[in-house]
Amino acid sequence: MQTNANNTPASVVVPDSNSPMGKKQQVAEMFNNIAGRYDFLNHFLSMGIDKTWRKKAIKDVAATNPKHILDVATGTGDMAIAASAAIPGAKITAVDIAAQMLDEGRKKIETQGLSKVITMQLADSESLPFADGTYDAVMCAYGVRNFEDLEKGLTEMQRVMRPGGKLAILEFSRPVTFPVKQLYTFYFRHILPAVGGLLSKHKTAYTYLPESVNAFPDGKKFCVILTGCGFKDAHARPLTLGVTTLYTATK
């Protein structure tokens, strides 16, 4: 398993510990392999609650009336599509490192007539091809956990945001109260990998997910990292008994 200079534990959790590739390349390959089944599995395994989580994050972004929004690690574009409905008039750029995920997203965008609103682009979150201060708001749903260098990716998100801009990040977290913690742990360790692996036909994608969640510095720890990357007023808001967390901050 390859490591890097990043000290965040999640940076060394990879889909395949026997692969000679780095985390970034493994993550891109993994998502490309499951792209055609990703949307179904995403909604099925979360029992549809993921749509509600996205709406809550977008509501916070919409309150700032952004005109230009960046959606990092967009996948198949669910966050960008939801934002286009909630924030009329905004132009959204959606980036990801997995080309086939973007292809799936473009199909949805074209079907919904959103091609003039959302632009999907292949790009590395740790080296964004945009000028400083380009965006009024930056969003990311369940993507920062997959960064090879978490601090580098967050610093890039801060760089391309205008002063006073809004950040909204959704990421899985670990419940701490009984019995939610125990039920969540059992589901993530046993049910999700088995069902996800069977339906996606990808052995490691849904074992990597709980491993990466377990290693991610959630809650206050992540807020400290956000502050260290130049953001202000970092706040963690647990959702659905702490299954996921909405992080917000400003520049």
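Is Lys108 buried or exposed? In this predicted model, Lys108 counts as buried, since its relative accessibility is 18% and the cut-off for burial is under 20%. Its side chain isn't left without a partner, though: Lys108 meets Asp78 in a salt bridge, with N and O 2.6 Å apart. The two residues come from distant parts of the chain, with Lys108 in helix α4 (residues 99-111) and Asp78 in helix α3 (residues 78-86), 30 residues apart. Asp78 also falls under the 20% limit, at 17% relative accessibility, and so counts as buried too.

That pair is part of a wider set, as a search of the whole structure turns up 12 salt bridges. Another one involves strand residues: Arg162 pairs with Asp136, and their closest N and O atoms sit 2.8 Å apart. Because Arg162 belongs to strand β5 (residues 161-172) and Asp136 to strand β4 (residues 135-141), this contact ties together parts 26 residues apart in sequence. Here the two partners fall into separate accessibility classes: Arg162 is partly exposed, at 28% relative accessible area, whereas Asp136 is buried, at 14%.

Strand β5 turns up again in the salt bridge between Glu171 and Arg145, where the side chains meet at 2.8 Å, N to O. Glu171 lies in β5, while Arg145 sits in the loop between β4 and α5 (150-159), so this pair, too, ties together parts 26 residues apart in sequence. As for accessibility, Glu171 is buried, with a relative accessible area of 0%, and Arg145 counts as buried at 4%. Elsewhere, shared partners join salt bridges into one network made up of Lys24, Asp124 and Glu126.

Turning to pockets, the second largest one has a volume of about 300 Å³. It is lined by 14 residues, and those closest to its centre are Thr185, Phe188, Arg189, Pro210 and Asn214. Which helices supply at least two residues each to this lining? Both α6 (180-200) and α7 (205-215) do, and α6 gives the largest share, with six residues. Sorted by class, the lining of the second largest pocket is a mix: seven of its residues are nonpolar, three are polar and four are charged.

Conventions. Residues are numbered from 1 along each chain as its sequence is written. This is a predicted model: local features need pLDDT of at least 70, side-chain atom pairs count only at pLDDT 80 or more; totals for chains, interfaces and linings use all residues. Side-chain values use heavy atoms; hydrogens and water are left out. A salt bridge is a side-chain nitrogen of Lys or Arg within 4 Å of a carboxyl oxygen of Asp or Glu. Helices (H or I, at least four residues) and strands (E, at least two) are DSSP runs, numbered from the N terminus. Buried means under 20% relative accessible area, exposed over 50%, partly exposed in between (1.4 Å probe, protein chains only). On a 1 Å grid over the protein atoms alone, a cavity is a set of points where a 1.4 Å probe fits but cannot get out, and a pocket is an open set with protein on both sides within 12 Å along at least five of seven lines; lining residues have an atom within 4 Å of a point. Grid points are joined across faces, edges and corners, and a volume is the space filled by probe spheres set on the points. Ala, Val, Leu, Ile, Met, Phe, Trp, Tyr, Cys and Pro count as nonpolar, Asp, Glu, Lys and Arg as charged, and the others, Gly among them, as polar.
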